[in-house]
Amino acid sequence: MNFKVLVCAGATAGHIEPALNVAKELQSRGVTCEFIGTVRGLDQKLVPAEGFRLHLIKPVAMPRKISLDIAIFPFRFMIAVLQALSILRRFKPEAIMGFGSFVAMPMYVAAWLRRIPLFIHEANAKPGIANRIGAKFAVACFQSVENSIPGAKTLGTPLRTIYNDFQRTELRAQAHKEFGLTAERRTLLVFGGSQGARHINEVLNEISGRLTDSSLQILHIVGSKNQDQIQTHPHHHYCEYVSDMSLAYAAADVAVCRSGAMTVAEISATSTPAIFIPFPTGNGEQEKNALPLVEHGSARVLLEANLTPQTLFDEISYVLNNLSSMQKSTMKPRNATKEIVEEILGTVSV
């Protein structure tokens, strides 16, 4: 039998990258995987680039305030469910693997209507509405953080194979060469997610000289839309975007970054002491994502509301002065990718 799995993930890299990692593992075991995504977001860029077919439906966001959208929402949702059902009739998957997002809820409902086994992964500490509802009729649920979804298995976030046994020492020389860094200085890695973070960039630029005067070098990923923030500082190395973040982590002694689920998982897998600056909007999931590493002693949190040149400088100084103890406190995650795939194949094959 040609075993098929439809992978449901859309809009952001935080949803799509874990989904791609699971799909690649399924594919390596002879499973045919296709994706369902939306007409907006990163779906159309990231999924086809990895060789997977992408089906598109219209995204349906739950209205969060009283407006005309409330009256229109049921009709939009019904249309999206019908689109999802049409895709299921054509592809005929044995299972559906969902990662949340706007595209998820119509597909979850379609899976329930067609009685197709549904598996769900929640990467954030605070789940979105689609995964909260979908979990009620899913065959199995997985989570990155304890107590995100009642009854879910805590496995961590599905990561690329290189993070399962990350070897910083072996990769570091290559990383230094890739980014033009020197082995004589410790490296501060700064990034703000796939789109960058202008406020973090601005604050870091203000203290660049103070930091690099103390035997430190900075690898700064500003984001593709923030080229105007690139300046000229000795030992401050700017990039717009890095396609292989494993090399950036290999170069890093300390990281300053957002605390999206994927970033937190990679920081944990690479044993990189971090200062998390959670994205201040949304439902507060980024601050919650960081808590396990903070409680374990390998990371610190600096809220954006408190972010100034001095507070960031103080946090970086603290981590550098306590680097050894924070490195020893890092948490190694499980191989979530492999465990999720084995659960899907083992459950549906029975």
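The following questions and answers concern a predicted model of a protein chain.

User: On what basis are the values in this predicted model given, and from which number does each chain start?
Analyst: In this predicted model, local features need pLDDT of at least 70 and side-chain atom pairs count only at pLDDT 80 or more, while totals for chains, interfaces and linings use all residues. Side-chain values use heavy atoms, with hydrogens and water left out, and residues are numbered along each chain, as its sequence is written, from 1.

User: How many helices and strands are there in the protein chain?
Analyst: Helices (H or I, at least four residues) and strands (E, at least two) are taken as DSSP runs, numbered from the N terminus. Under that assignment the protein chain holds 13 helices and 13 strands.

User: What radius of gyration does the protein chain have, beside that of a compact globule with 350 residues?
Analyst: The radius of gyration is taken over C-alpha atoms, and the globule rule is 2.2 Å times the number of residues to the power 0.38. The C-alpha trace spans about 65 × 45 × 35 Å along its principal axes. For 350 residues a compact globule would come near 20 Å, which agrees with the value for the protein chain, 21 Å.

User: What percentage of the 350 residues in the protein chain is buried?
Analyst: Buried means under 20% relative accessible area, exposed over 50%, and partly exposed in between, with a 1.4 Å probe and protein chains only. With that cut-off, the buried share of the 350 residues is 53%.

User: Which residues are linked with Arg29 in a network of salt bridges?
Analyst: A salt bridge is a side-chain nitrogen of Lys or Arg within 4 Å of a carboxyl oxygen of Asp or Glu, and by this rule the count comes to 9. Arginine 29 pairs with glutamate 25, their closest N and O atoms being 3.0 Å apart, and also with glutamate 342 at 3.7 Å, N to O. Because arginine 29 lies in the loop between helix 1 (13–28) and strand 2 (32–38), and glutamate 342 in helix 13 (residues 336–349), the latter pair ties together parts that are 313 residues apart in sequence. The network therefore joins Arg29 with Glu25 and Glu342.

User: Is arginine 258, which forms a salt bridge with glutamate 304, buried or exposed?
Analyst: The closest N and O atoms of arginine 258 and glutamate 304 are 2.6 Å apart. This pair links distant parts of the chain, 46 residues apart, with arginine 258 in the loop between strand 11 (254–257) and helix 9 (261–269) and glutamate 304 in the loop between strand 13 (299–301) and helix 11 (309–321). Glutamate 304 counts as buried at 17% relative accessibility, and arginine 258, with a relative accessible area of 9%, is likewise buried.

User: Which elements do the buried residues of helix 9 pack against?
Analyst: Helix 9 is largely enclosed by the rest of the structure, because 9 of its 9 residues are buried, among them Met262, Val264, Glu266 and Ile267. Contact here means heavy atoms within 4.5 Å. The packing partners of these buried residues are helix 1, strand 8 (186–191), helix 8 (245–251), strand 11, strand 12 (274–276) and helix 10 (285–296).
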